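Work through the exercises below with the model open beside you. Try each task before you read its solution.

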Amino acid sequence: MNHHTVVLNAGKEKPVLNGHPWIFSGAIKSEPKPQESMPGDLVDVLDSKKQFIARGYYNHLSQIRVRVLTRNAQEFIHEDFLKQRISASIARRNHVLSNGLTTGVRLVAHESDQLPGLVVDQFGAWVSFQILTAGMDVWRKEIIKILLELLKPDVLIERSDEAVREKEGLKQHKQVHYGQIGDGSVQFLENGIKFVADVLNGHKTGFYLDQRDSRRIVGQYAKEKLVLNCFSYTGGFAVSCAQGGATKIVNVDESMPALDIARRHLSMNGFDPSQHEFLKADVFSYLRELRSKQQFFDMIILDPPKFITSTSQMDKACRGYKDLNLLAMQLLRPGGLLATFSCSGLIDRDLFQKVVFGASVDAKSEMQIVQHLSQAEDHPVLLSFPESMYLKGMLLRKV
Ligand code: SAH
């Protein structure tokens, strides 16, 4: 692999020195000519005075030209480096796994664990990983070897079938690297609740582990409540609410296979799915339909997919969040609870709160913040990299 040098424009070294892992094209004064480098080649980053400040990997096809791996000039990038980083990241998850009630965990969370472009999730004895950048893709063989050595999983599957790879000039890729995968689903625990992850065809690496804490918190408020679970996917929130004593949960999602798994999740945990509803519908139109029928709920959960991947979509995304929250507030009984989320990294907590406030004004609903909600601790946020704080939510009460 070639090793290149990029030099930054004067003044652009500060974020890098402070720990931000991304260097955009606009920060760069000189870089290799496109034909001189391969996507994912290693690179030393120099400040405008030609002093070393970081080492990382480079991709001329991406606006994020460099992702930083180290700021230590003595640290070189090879298999052992990756193994140390991966094993340190795994060790940081002990707290999540220690009481045995949780066996589904994100072991490596890309930039936040100093491994840009790599995601590793464990579901019981199965491991599912994603490579999102050219700079990590170069190390696929080593990554597989390291994960097999460190984790000794029954199954190792790669779910690099994410559209963002195309920004890096990579094709989508899905492959079972080790083990017998059967129908692709594996059982695991989240706070004592049994779930199956469809690691072969499910979203992301198979399950939304990032909502673990919020599911537990929201479930604690569900006693004797009629719950509307929007964007239910496989019913993560539904099972927590059933466990919390909800009278009835209406689950809405556009995906029938996800709703089928939601049913299965309830019965696996000793709840009768026939007491609940599972509706394949577009949430936006379904909420409007409920409003015209004047059907009200005690608790509403809004956990939509990401609405925005580039800042050009900001207005549209904010309108989407506002519409959803406005409709939900109108469908809440007085005293009712709204658990509302945004997993759009480009919308920060302040902006999300402002949008939800706008919705409450238009809905003529006075809302209290009962609690702020966040991605679970195995999806850590780097202080130097606020972009890693992508999932935020609020538990609100209509007063
Ligand atoms: N709350 C879930 C995760 C939600 S992921 C959990 O705890 O696991 C987002 C879900 O929204 C996906 O299941 C997707 O199928 C669904 N979805 C996306 N757009 C939708 C729409 N307009 N109407 C209904 N469902 C939608």
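The exercises go from domains to sheets, then to single residues.

This is a predicted model, in which local features need pLDDT of at least 70, side-chain atom pairs count only at pLDDT 80 or more, and totals for chains, interfaces and linings use all residues. Residues are numbered from 1 along each chain as its sequence is written, and side-chain values use heavy atoms, with hydrogens and water left out.

**Exercise 1. Domains**

Mark the domains, then state what separates the centres of domain 1 and domain 3.

Step 1. The domain assignment gives domain 1 (3-70), domain 2 (79-187) and domain 3 (208-398). Such bounds come from an automatic or database domain assignment.

Step 2. Taken over C-alpha atoms, the centres of domain 1 and domain 3 are 39 Å apart.

**Exercise 2. The sheet of 6 strands**

Trace the open sheet of 6 strands and find its edge strands.

Step 1. Fix the terms. Helices (H or I, at least four residues) and strands (E, at least two) are DSSP runs, numbered from the N terminus. Two strands pair if DSSP finds at least two bridges between them.

Step 2. Read the order: 2-6-5-4-1-3, with mixed pairing. Strand 2 (22-24) and strand 3 (28-30) are the edges, and each pairs on one side only.

Step 3. Check the turn. Neighbouring strands of this sheet are turned by 40° against each other on average, direction ignored. Axes here are lines fitted to C-alpha atoms, for helices over the stretch in contact, and angles run from 0 to 180 degrees between N-to-C directions.

Step 4. Look at one pair. Strand 1 and strand 3 are antiparallel and share 2 bridges. Leu8 has Ile28 of strand 3 as its bridge partner.

**Exercise 3. His4**

Is His4 buried or exposed, and what does its side chain contact?

Step 1. Place the residue: His4 sits in strand 1 (residues 3-8).

Step 2. Apply the cut-offs. Buried means under 20% relative accessible area, exposed over 50%, and partly exposed in between (1.4 Å probe, protein chains only). His4 has 11%, so it is buried.

Step 3. Find the polar contact. This is a pair of N or O atoms within 3.5 Å; within protein, one must be able to donate a hydrogen and the other to accept it, and residues adjacent in sequence count only if both atoms are side-chain atoms. The side chains of His4 and Asp41 make one at 2.9 Å.

Step 4. List neighbours, where contact means heavy atoms within 4.5 Å. Leaving out residues up to four places away in sequence, His4 touches residues including Pro32, Glu36, Leu42 and Val43.

**Exercise 4. Trp22 and its rings**

Which rings pair with Trp22?

Step 1. State the rule. Rings of Phe, Tyr and Trp (its six-membered ring) pair if their centres lie within 6.5 Å; planes under 30 degrees apart count as stacked, over 60 as edge-to-face and the rest as tilted. The count comes to 11 aromatic pairs.

Step 2. Take Phe24. Trp22 and Phe24 are edge-to-face, with 6.1 Å centre to centre and 85° between the planes. Phe24 is partly exposed at 39%, and Trp22 is partly exposed at 21%.

Step 3. Take Phe385. Trp22 and Phe385 are also edge-to-face, at 4.9 Å and 75°. Trp22 lies in strand 2 and Phe385 in the loop between strand 19 and strand 20 (392-398), so the pair ties together parts 363 residues apart in sequence. Phe385 is buried at 3%.

**Exercise 5. The sheet of 7 strands**

Trace the open sheet of 7 strands, then place helix 8 and helix 9 on it.

Step 1. The order is 16-15-14-17-18-20-19, and the pairing is mixed. Strand 16 (277-280) and strand 19 (367-374) are the edges.

Step 2. Strand 14 (residues 226-230) and strand 17 (residues 297-302) run parallel, joined by 4 bridges. Val227 stands opposite Met299 of strand 17.

Step 3. Helix 8 (residues 256-268) lies across strand 15 (248-253) and strand 16, at about 170° to strand 16. Helix 9 (residues 283-293) lies across strands 14, 15, 16 and 17, at about 150° to strand 14.

**Exercise 6. Positive phi**

Compare Lys152 and Tyr233: buried or exposed?

Step 1. Lys152 has a positive phi near 45°, and Tyr233 has one near 50°.

Step 2. Lys152 is in the loop between helix 5 (140-151) and strand 10 (155-160). Its relative accessible area is 64%, so Lys152 is exposed.

Step 3. Tyr233 is in the loop between strand 14 and helix 7. At 11%, Tyr233 is buried.
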